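Please study the sequence and the structure shown here before reading on. The explanation that follows leads through the places where small molecules and empty space are found.

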Amino acid sequence: MARILVTGGAGFIGSNFVRQLLSSDPSTTIVNFDCLTYAGNLANLSDLAGNPRHEFVKGDITNREQVRAAMKGVTDVIHFAAESHVDRSIQDSGPFVHTNVIGTQILLDAAREAKVAKYVQVSTDEVYGSLGETGLFTEETPLHPNSPYSASKAGADMLVMAYQHTFDFPAVITRCSNNYGPYQFPEKLIPLFVSNLLADESVPVYGDGMQIRDWIHVLDHCRGVEAAWRRGKPGEVYNFGGRCEIPNIQLTKLLLSLLGKPETLIRYVKDRPGHDRRYAIDCSKAESELGWAPQVPFDRGLAETIAWYKANTAWVAAIKNKDYLSYYEKQYGKA
Ligand code: NAD
Ligand code: DAU
């Protein structure tokens, strides 16, 4: 019977993962370890209250004693906890290096001491850098991170590889493209734009809006992480993507039309410094070796996500009421 330490399980992807695994595998117990940064939110887990297979521990991955204590009896580790927003890493890279690099090192040491059976490092396609107009990121693409966020994630990946190689530590790494879905903090493109548009506020499109992202539904990513945990081979990297490349401006116009809002709400703003132009994932290795494939078509996933944000305006309001300001609002005022 697996007892999994899931880090960052009160965030966007972690909370979706915890909910999905608890409902699909009755033999699993989860220790959900999260220090509740601005992005961590117990409201993301409210439906799991009282579930005897879910134990929430408020703790920080950069605190060795807290991590060691939480590791007692744990058989496996799935590591989501991170500082995750590129714009914030441009404002201040300190928390990114601290949590994403040092926190991962502390977690690796504790997991090694505990002799876990499997350790999954949840990484990102951003470690590969930026693509030109053609081509896809494969697991063999050299690491070329361009933002402080992606540099800190690449640093963590290198540590995981080194522990696997040096200590025969049973680690796998997953690298996924842009997620969307319920419970995503309204600083990332889709939840920020949907929540602004629901309030008839404008949406800040960075630069010319021709940057391309490859969108995947969060539950497809979660299924991939679970497959990597169950069937991934130590030392291997698995890419996940949705085969769904869209320029930001096209996605913005799609959101406007789905919400019935006018294009006058588009506000072009100063570009993100060092902005990566295009991400696109070759996920054929995960398909052939893990038996995984993305299942949620973008039109259905996006419609369901918009419906979720419409039905959960109180969830968004509770976040925005905590003096939450998006990166652009902080830098330049309301778009
Ligand atoms: P998120 O910001 O929504 O959640 C991060 C969670 O980690 C929060 O609950 C936060 O409280 C917790 N956390 C942060 N620092 C911590 C610390 N020091 N100790 C304990 N907990 C801490 O992030 P997300 O979008 O859910 O991303 C989860 C993981 O997936 C990250 O590692 C991210 O790099 C990776 N990822 C995200 C995406 C995406 O599109 N969002 C895509 C690929 C990979
Ligand atoms: O690719 C995976 C990564 O995707 C994850 O590792 C990160 O944790 C996650 O935050 C995400 O990074 P991005 O920087 O791609 O996501 P974001 O939602 O911040 O931006 C998506 C695109 O939209 C990007 O080109 C920047 C642009 N953008 C974003 C915001 C917030 C805008 O034009 N306006 C905005 O207000």
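**Two ligands and a cavity**

In this predicted model, a polar side-chain atom of R272 is placed 2.7 Å from an oxygen atom of ligand 2. Two backbone contacts accompany this one. A polar backbone atom of P204 lies 2.7 Å from a nitrogen atom of ligand 2, and a polar backbone atom of Y206 lies 2.9 Å from an oxygen atom of that ligand. Considered alone, ligand 2 would expose 690 Å², of which the protein buries 94%. Two elements, α6 (189-198) and β8 (203-206), each give two or more residues to the shell around ligand 2.

The surroundings of ligand 2 can now be described as a whole. This ligand is surrounded by 24 residues, and the closest are D125, Y149, P204, R272 and H275. By class, the shell around ligand 2 consists of 10 nonpolar, 8 polar and 6 charged residues. Where does ligand 2 lie with respect to domain 1 and domain 2? Domain 1 (3-179 + 216-240) and domain 2 (181-213 + 244-329) both give residues to the shell, and therefore ligand 2 lies between them.

Attention may next turn to ligand 1. Around ligand 1 there are 28 residues, among which I13, D34, S84, Y149 and K153 come nearest. Two side chains make polar contacts with oxygen atoms of this ligand: a polar atom of the Y149 side chain lies 2.6 Å from one oxygen atom, and a polar atom of the K153 side chain lies 2.7 Å from an oxygen atom. The backbone takes part as well, since a backbone N or O atom of I61 is found 3.0 Å from a nitrogen atom of ligand 1. On its own, ligand 1 exposes 840 Å², and the protein buries 96% of that area.

Which elements give two or more residues to the shell around ligand 1? They are α1 (12-24), β5 (118-124), α5 (148-167) and β7 (178-180). The largest share, 3 residues, comes from β5. The shell around ligand 1 divides into 13 nonpolar, 12 polar and 3 charged residues.

Finally, the protein also encloses empty space. How many cavities of 30 Å³ or more does the structure hold? There are 5 of them, and the largest cavity contains about 60 Å³ of space. Its lining includes V86, I90, E126, N146, S147 and R213, and R272, P273, G274, H275, D276 and Y279 belong to that lining too. Sorted by class, the lining of the largest cavity has 4 nonpolar, 4 polar and 4 charged residues. Because domain 1 (3-179 + 216-240) and domain 2 (181-213 + 244-329) both give residues to this lining, the largest cavity lies between them.

Some residues appear in more than one part of this account. Y149 is listed among the nearest residues of ligand 1 and among the closest residues of ligand 2. R272 and H275 are listed among the closest residues of ligand 2 and also line the largest cavity.

Key: Residues numbered from 1 in each chain as written. Chains lettered and ligands numbered in written order. Predicted model: local features only at pLDDT ≥ 70, side-chain atom pairs only at ≥ 80, totals over all residues. Heavy atoms only, no water. Near = heavy atom within 4 Å. Polar contact = N/O pair within 3.5 Å; in protein donor to acceptor, adjacent residues only side chain to side chain. Areas by Shrake-Rupley, 256 points an atom, 1.4 Å probe, with all protein chains shown as cover. Helix = DSSP H or I, 4+ residues; strand = E, 2+ residues; numbered from the N terminus. Nonpolar A, V, L, I, M, F, W, Y, C, P; charged D, E, K, R; others polar. 1 Å grid on protein atoms, 1.4 Å probe; cavity = no way out; pocket = protein on both sides within 12 Å on 5 of 7 lines; lining within 4 Å. Points joined across faces, edges and corners; volume = space filled by probe spheres on them. Domains from an automatic or database assignment.
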